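Reader: Hey, can you walk me through the charged pairs and the cysteines in this one? I'm new to this, so plain words please.

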Amino acid sequence: MSKFSLELEEDFDFYMLGICSHVKDYRLCWELNQNLEIKLTKNSDLEIVSQGETKLYSFNCDEDDNKANDYYLISNKSPQGYLVPEEKKCDYFLVIKGPLSEDEEKAILATINESKNVLTSYPIEASELKSKNNLIF
């Protein structure tokens with residue numbers, strides 16, 4: 001009997017921004033909804049189990065079948081630790097799944113940086129992160 005092995009390659013085909021902001025997630029969601037014309041709503045917390053410990057992270061999303069893109073705002077910090085430890089300076093991640101042109105990416109970044117409750121935001125290449133598997137949901 002021969003053995004077959006299955007290798008799965010994770011798909012990190014999304015646009016990701018790190019956002020530095022000292023406001024609570026609901027306040028940041030409201031501001032992003034206003035400025036980006038999206039509808040982020042609170043979902044169940046993102047649950048990551050690592051080394052027998054469960055970590056919960058605030059999770060907000062705008063998934064709409066009628067739109068080309070899905071938006072997710074995820075907290076990087078919880079009492080149990082960081083979602084992406086190599087990005088400790090970042091408070092939140094905005095993940096956008098779906099097709100975006102380079103001009104759209106720049107426009108989104110500029111809009112977020114102009115928000116009064118955002119200190120700064122910057123693009124992150126998820127495939128280069130050590131803890132990238134935490135971003136699969």
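Reader: So how many salt bridges does a search of the whole structure find?
Author: The search turns up four salt bridges. By that I mean a side-chain nitrogen of Lys or Arg within 4 Å of a carboxyl oxygen of Asp or Glu. Bear in mind that this is a predicted model, where local features need pLDDT of at least 70, side-chain atom pairs count only at pLDDT 80 or more, and totals for chains, interfaces and linings use all residues. Residues are numbered from 1 along each chain as its sequence is written, and side-chain values use heavy atoms, with hydrogens and water left out.

Reader: Cool. Which residue forms a salt bridge with Asp 25?
Author: That's Lys 42, with the closest N and O atoms 3.8 Å apart. Lys 42 sits in strand 2 (residues 41-42) and Asp 25 in helix 1 (residues 25-36), so the bridge ties together parts 17 residues apart in sequence. Helices (H or I, at least four residues) and strands (E, at least two) are DSSP runs, numbered from the N terminus.

Reader: Is Asp 25 buried or exposed?
Author: Asp 25 is buried, at a relative accessible area of 15%, while Lys 42 is partly exposed at 47%. Buried means under 20% relative accessible area, exposed means over 50%, and partly exposed is in between (1.4 Å probe, protein chains only).

Reader: And what does Asp 45 form a salt bridge with?
Author: With Lys 42 again, and there the closest N and O atoms are 3.1 Å apart. Asp 45 is partly exposed, with a relative accessible area of 38%.

Reader: Where do Lys 77 and Asp 91 lie?
Author: Lys 77 is in strand 7 (residues 77-78), and Asp 91 is in the loop between strand 8 (81-82) and strand 9 (92-97), so their pairing ties together parts 14 residues apart in sequence. Their side chains meet in a salt bridge, 2.8 Å from N to O. Lys 77 is partly exposed at 36%, but Asp 91 counts as buried at 9%.

Reader: Which residues do salt bridges with shared partners join into one network?
Author: Asp 25, Lys 42 and Asp 45.

Reader: New topic: how many disulfides does the structure hold?
Author: Zero. A disulfide here is a pair of cysteine sulfur atoms within 2.5 Å. For Cys 20, the nearest cysteine sulfur belongs to Cys 90 and is 5.4 Å away.

Reader: What about Cys 61?
Author: Cys 61 is in no disulfide either, and its nearest cysteine sulfur, that of Cys 29, is 9.6 Å away. Cys 61 counts as buried at 5% relative accessibility, and Cys 20 counts as buried at 9%.
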